[in-house]
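Here are a few exercises to work through with the model open beside you. Try each task before you read its solution.

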Amino acid sequence: MSGNERKADCGRRNLLVATACAGGVAGLAVAVPFLTSLSPSERAKAAGAPVEVDISKLGPGEMTTVEWQGKPVWIMRRTPTQLEALAKIDDKLADPKSERNPSEFTPEYARNVQRSREDHADVLVVVAICTHLGCSPSGPFESGSNAQLGDVAGFVCPCHGSTFDLSGRVFKAMPAPDNLKVPPYMFLSDSRILVGQDSKEG
């Protein structure tokens, strides 16, 4: 497959992901009921309006996808076991402490192993776009369920093979130069997240 064909394939994949971003849910092993995304109008979303998401039905190990600024955003509730594993793989990662381009990819409150807000460390919020050529990764995959990840749980970009852990951190020697982007976000309550804004206005 030529480079142009690969880019076209990635573009088609991104379009499919974007059209499926209305709140569909994926888990590591189990599907859960549809999660509600209290989204503004399509015009407001295109302009970058924050998106409110209800995660009350998101169980441990499960993930939902919402759309913000025309991009897919993953919200995943990680299990205690998954969180423990994140601290044991620094030597496999290209940027374990999120030090590369932090102002672009990782807000200050997410510059930790979990890449999340410390008062909700189990919840991952990342833009589901590979930092290589903008393709959409797949996953999450359980440890041992994906040959590219081996014994580590995470995500895989099918276009060019970049792999990321369950904090969205890229592994060493991958085409992707950076970790997945953590967008601005804040918790309105334990069950509601606002994607696209990380502080109270006014």
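## Confidence first

The chain has a mean pLDDT of 84, with 76% of its residues at 70 or more; pLDDT is the predictor's confidence in each residue, on a scale from 0 to 100. Over residues 2-8 the pLDDT drops below 50, and this stretch has 3 contacts in the model beyond near neighbours in sequence (contact means heavy atoms within 4.5 Å). Residues 12-39 are also below 50 in pLDDT, with 61 contacts beyond near neighbours in sequence.

Since this is a predicted model, local features need pLDDT of at least 70 and side-chain atom pairs count only at pLDDT 80 or more, while totals for chains, interfaces and linings use all residues. Residues are numbered from 1 along each chain as its sequence is written, and side-chain values use heavy atoms, with hydrogens and water left out.

## Exercise 1: a buried arginine

Find Arg78 and work out what surrounds its side chain.

Step 1. Place it: Arg78 sits in the loop between β5 (71-77) and α3 (80-86). Helices (H or I, at least four residues) and strands (E, at least two) are DSSP runs, numbered from the N terminus.

Step 2. Look for a charged partner. Arg78 is buried but has no salt bridge, and Asp165, the nearest side chain of opposite charge, is 6.7 Å away. Buried here means under 20% relative accessible area, with exposed over 50% and partly exposed in between (1.4 Å probe, protein chains only). A salt bridge needs a side-chain nitrogen of Lys or Arg within 4 Å of a carboxyl oxygen of Asp or Glu; Lys and Arg count as positive, Asp and Glu as negative, and His and the chain ends are not counted.

Step 3. Try the backbone instead. A polar atom of the Arg78 side chain lies 3.0 Å from the backbone oxygen of Gln114.

Step 4. Widen the view. Leaving aside neighbours within four places in sequence, the contacts of Arg78 include Gly61, Leu83, Ser116, Asp122 and Leu166.

## Exercise 2: the cysteines

How many disulfides does a search of the whole structure find?

Step 1. Run the search: it returns 0 disulfides, a disulfide being a pair of cysteine sulfur atoms within 2.5 Å.

Step 2. Check Cys130. Its nearest cysteine sulfur, that of Cys157, is 4.0 Å away, and Cys130 is in no disulfide.

Step 3. Check accessibility. Cys130 is buried at 3% relative accessible area, and Cys157 is buried at 1%.

## Exercise 3: backbone oddities

Which residues other than glycine have a positive phi, and where is there a cis peptide bond?

Step 1. Recall the background: most residues other than glycine have a negative phi, and most peptide bonds are trans.

Step 2. Take Ser98, which has a positive phi of about 55°. Ser98 is in the loop between α3 and α4 (102-105) and counts as buried, at 1% relative accessibility.

Step 3. Take Arg115, whose phi is positive too, near 50°. This arginine lies in the loop between α4 and β6 (123-127), and Arg115 is buried at 0% relative accessibility.

Step 4. Now the cis bond: it joins Gly139 and Pro140, with omega about 5°. Pro140 belongs to strand β7 (residues 138-141).

Definitions and conventions:
Polar contact = N/O pair within 3.5 Å; in protein donor to acceptor, adjacent residues only side chain to side chain.
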